[in-house]
Amino acid sequence: MRIIYSPRHAGHAGNVELNSGEIVPAFELPRRAEIIRARVIEVGLGPVEPPETFDLATAHRVHDAGYLGFLPRAYAMWQAEGRSGTAMPFVFPTPGLRRDRPPADIDGLLGFYAFDAGATFVAGTWDAVRASHDVALTGASLIAGGERAAFALCRPPGHHAGGGFAGGYCFINNAAVAAEYLRGRGIARVSVLDVDYHHGNGTQEIFYARGDVQVVNLHADPLREYPYFLGHADERGAGAGEGATLNLPLPWGTGIGAYRAALDTALAAIADFGPGALVVSLGVDTYKGDPISRFALDTPDYPGIGAAIAGLGLPTLFVMEGGYAVEAIGENAVGVLEGFEAA
Ligand code: OKP
Ligand code: ZN
């Protein structure tokens, strides 16, 4: 399959994050994408191509204008205060506080456009986010043009970013932009299958009231896991989207047996929906060695996941999301793609 990659991800580097009460180097780091790219080449998965440049018209259909206007300006506003290092929010307009008055300074705006402290900015962040968006759209355009499958090697990831907020290492929701693009290219129904360990709250929120884009998530139960405040089984969609959201939360310690049973349920729901294309939010933080996650999948399990997805017989765009066991991320992520190709 064709692989889309941009070296511009590498400018989003050196960030820190809050973890268990300490400031530590961010788990989401440039080496992740480089190791996946190296593995793609090592196994000969297919040609690695640069993205085309897309305007933000499709992104504007899934994100608010105020939010998209803020992202490119955030780090310059931070620097204008005489600061360097990592720009990180610390105060958020939770229910009970006002959302109708966007703040005028950087600390207020960072929180106004975020749901956690986990999507942080450095000097190269916007350029990396913009390139990641182009990578996803280039992959989507290949699918719309008739390719059976493509791999958008996106970094930073996107599935926690909602219509008006960043969070969880995510800024532009690459999978949502890709799904919306496929709709715009005349594919009447599109499904998003999110196999990242964490619930894709942003993707779910963006499409929750829509009947044309189905969103199916397999993830750690939000009762015990980030992002905590979305991803329960009773979320089924609203209005025209009633029934087009499916959540399959799984307990800590889930291994391939229970995982495959849930995946089969997810795939059956997608087949029922009858989409013309599939976008897979591909996270491999389900791996037993992941430093921030608690599932128990092993490296030999990943090709079977790809093969099962291939069984749908749909034009499929894989969009890279999470996975933080850096030494294993290449084998695990590319393992899914090899399994897909071999099926
Ligand atoms: C992004 B993706 C560790 C606590 C969890 C947020 C995790 C975001 C995961 N500091 N931080 O879904 O892989
Ligand atoms: Zn994740």
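**Exercise 1. Find the residue of strand E5 that is the bridge partner of Ile3, and then place E5 among its neighbours.**

Solution. In this predicted model, the partner of Ile3 in E5 is Phe151. This bridge belongs to the pairing of strand E1 (residues 2-4) with E5, which is parallel and runs over 3 bridges; two strands pair if DSSP finds at least two bridges between them, and strands (E, at least two residues) and helices (H or I, at least four) are DSSP runs numbered from the N terminus. Turning next to strand E10 (residues 316-320), one finds 4 bridges joining it to E5, again with the strands parallel. Within E10, Thr316 is the bridge partner of Ala149, and Val319 is that of Ala152. The last step is to look at the two faces of E5 (residues 149-152), which are both covered, since Ala149 and Phe151 on one side and Ala150 and Ala152 on the other are all buried; buried means under 20% relative accessible area, exposed over 50%, and partly exposed in between, with a 1.4 Å probe and protein chains only.

Residues are numbered from 1 along each chain as its sequence is written, while chains are lettered from A and ligands numbered from 1 in the order in which they are written. Local features need pLDDT of at least 70 and side-chain atom pairs count only at pLDDT 80 or more, whereas totals for chains, interfaces and linings use all residues, and side-chain values use heavy atoms, with hydrogens and water left out.

**Exercise 2. Give the order of the strands in the open sheet, and name its edge strands.**

Solution. The open sheet is formed by 8 strands in the order E4-E1-E5-E10-E9-E6-E7-E8, with parallel pairing. Its edges are strand E4 (48-49) and strand E8 (245-250), each of which pairs on one side only.

**Exercise 3. Identify the protein donors of the zinc ion (ligand 2), and explain why their arrangement is irregular.**

Solution. Asp196 (OD), Asp196 (OD), His198 (ND1) and Asp285 (OD) are the protein donors, at 1.9 to 2.8 Å from the zinc ion; donors are N, O and S atoms within 2.8 Å of the metal (3.2 Å for Na, K and Ca), and water is not among the atoms, so sites may look incomplete. Along the sequence the donor residues follow the spacing D-x1-H-x86-D, and both Asp196 and His198 are buried. The arrangement is irregular because the 6 donor atoms around the zinc ion subtend angles of 51 to 159°; four donors count as tetrahedral if all angles lie between 85 and 135 degrees, four count as square planar and six as octahedral if opposite donors are over 155 degrees apart and all others between 65 and 115, and anything else is irregular.

**Exercise 4. Locate the cis peptide bonds that precede Pro156 and Pro227, and describe the backbone of Tyr228.**

Solution. The bond from Arg155 to Pro156 is cis, with omega near 0°, and Pro156 sits in the loop between E5 and helix H7. A cis bond also joins Tyr226 to Pro227, where omega is about 10°, and Pro227 lies in the loop between strand E7 (213-220) and E8. Tyr228 is likewise in the loop between E7 and E8; although Tyr228 is not a glycine, its phi is positive, at about 65°, and its relative accessible area of 40% makes it partly exposed.
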